[in-house]
Amino acid sequence: MPVLKKIALTVTSAALLSGFTLTPAVAADKDKSDDKQPKPPGVMSSLGGERLSMSGSQVNLGPGVPVLPKGLTGRSWIVADAENGDVLAAHNSHWRLPPASTLKMLFADTVLPALQPTQTHKVTESELSGVGEGSSLVGIKEDHTYTVHDLWLGVFLRSGNDAVHVLSEMYGGIPQTVAAMQKHAEELQALDTVVVSPDGYDAPRQVSSAYDLTLIARSGMQKKDFREYAATASADFPGEKKKGKKRDSFEIQNTNRLITGDIGVDPYKGIAGVKNGYTTHAGNTFTGVAERNGKVLLVTVMNPSAEESHAVYKEAAKLLDWGFAASGKVTPVGELVPPKSVDTGTGGKGAAPAAGADQGTGGQAEAAHASAASKGSSGVGVALAIIGGLLVVVAAAVYLVNRRWPLAGLGSRSAPETKDTGEAADPAETAEPAASVGESAGKPVDKA
């Protein structure tokens, strides 16, 4: 028997007996071009478990546990139980990489509770002047008035950096928003994350990880408004107001292809959000949450191969399928840690809202969370899940998302047709690395 076949059989046999790690060195048949690809650092964070600090794929195979999907190309990914926090499998999950627009999940989780959805705001020229060249846009016009609800639709559905900048100014300004996001990331123990821009636009030193983005999504999905925006397939958005005429509106569609579908990608059954992204340096990134037979899973995929169209969605769908098949059979390789305040029972609030900001119903809920958590000094914390108006009280070590999410029908929605509105073109329409605004000139491109 050839030597290589003997080695392969030895590795396979060992993997079936216990947990295993697939390192880049195992794949001896990889193309030599892989040598030019970035490699994960030798030392990564062990937050959530020692296995998560190791490079390569981490999974515990055993009787009845399906093998991982073939052909996964993401530089980093993770599959986790959204309720109990078990990490079912991971691949370089603490590798600090550019997050692209998945960072908008942290922006929303930080800012959303501080602003009333019915609050209106007239946009100024200065609020749009800092939007990065080549950014994805929803089509906000200066000297036009929008509600906070409108702006959040622009953030979640069209990944509009223009909407992010306007909301940031309403929150207190870009620097204050960035500082609040960083503080909230630290509260969530998303310690791989460094925030430089609130919209995820490529910026020096701005990084996150599959592990962190999953923590952030888990926190965001406990907020009712966040869940509803993240799951929305399409909505009407205010258009240009012309003198003497009724203001027009145009339809915007969610760029998350596991919700709306696209050529080569079917809507994923049970999908409930969360966020996709693409920039020149980050490649495609995606965090999704889905429910099947009462089980809720989170998946994050960062920078898969650009050779296949919509690879980030296809690989996320494969990992979700694997997770649902493996759930209850596979021994976890780690866990999603709870926020600091829940973990310690100190009742910390995480990121504070902007000074003088109207907290609205979301802010009141956060205050209730902090108040309840402060009573848990004996080691019992409180996880806030605004589902049907209920607060779910759980042990500090179990920071869960209540499974009774309003998921009915989300996975079966047909993709609505996009209207030709003549409004600002949004390169996030493809969410794939095809040439776009600014790219041909070598400038950063943010598509989603």
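Let's start with the contact between helices α4 and α5. On the α4 side, the residues are V148, L151, W152, G154 and V155, and they meet A163, V164, V166, L167 and M170 in α5. Sorted by class, this contact of α4 with α5 has 9 nonpolar residues, 1 polar and no charged ones. Keep in mind that this is a predicted model.

Now the geometry. Helix α4 covers residues 148-158 and α5 covers residues 161-171; their axes come within 8 Å and cross at roughly 135°. That makes α4 oblique to α5, because the angle does not go over 145, where roughly antiparallel begins. The crossing of α4 past α5 is left-handed.

Helix α4 also packs with α2, residues 104-111. Here the angle is about 155° and the axes are 11 Å apart. So α2 and α4 are roughly antiparallel to each other. This crossing, α2 past α4, is left-handed. Which residues in α2 meet α4? They are K104, F107, A108 and V111, and their partners in α4 are W152, V155 and F156. By class, that contact has 6 nonpolar residues, no polar and 1 charged. Note that W152 and V155 of α4 appear in the contact with α5 and in the contact with α2.

Last, the strands. Strand β9, residues 271-279, is mostly covered, with 9 of its 9 residues buried. How does β9 pair with β10, residues 283-292? The pairing is antiparallel, over 7 bridges. The two strands form a hairpin, with 3 residues between them. For one position to find on the screen, look at N276, which stands opposite F286 in β10.

Key. Residues numbered from 1 in each chain as written. Predicted model: local features only at pLDDT ≥ 70, side-chain atom pairs only at ≥ 80, totals over all residues. Heavy atoms only, no water. Axes fitted to C-alpha atoms, helices over the stretch in contact; angles between N-to-C directions. Helix = DSSP H or I, 4+ residues; strand = E, 2+ residues; numbered from the N terminus. Parallel < 35°, antiparallel > 145°, perpendicular 65-115°, else oblique. Left-handed = near helix turned anticlockwise from the far one by under 90°. Contact = heavy atoms within 4.5 Å. Nonpolar A, V, L, I, M, F, W, Y, C, P; charged D, E, K, R; others polar. Buried < 20%, exposed > 50% of the residue type's maximum accessible area, 1.4 Å probe, protein only. Pairing = 2+ DSSP bridges.
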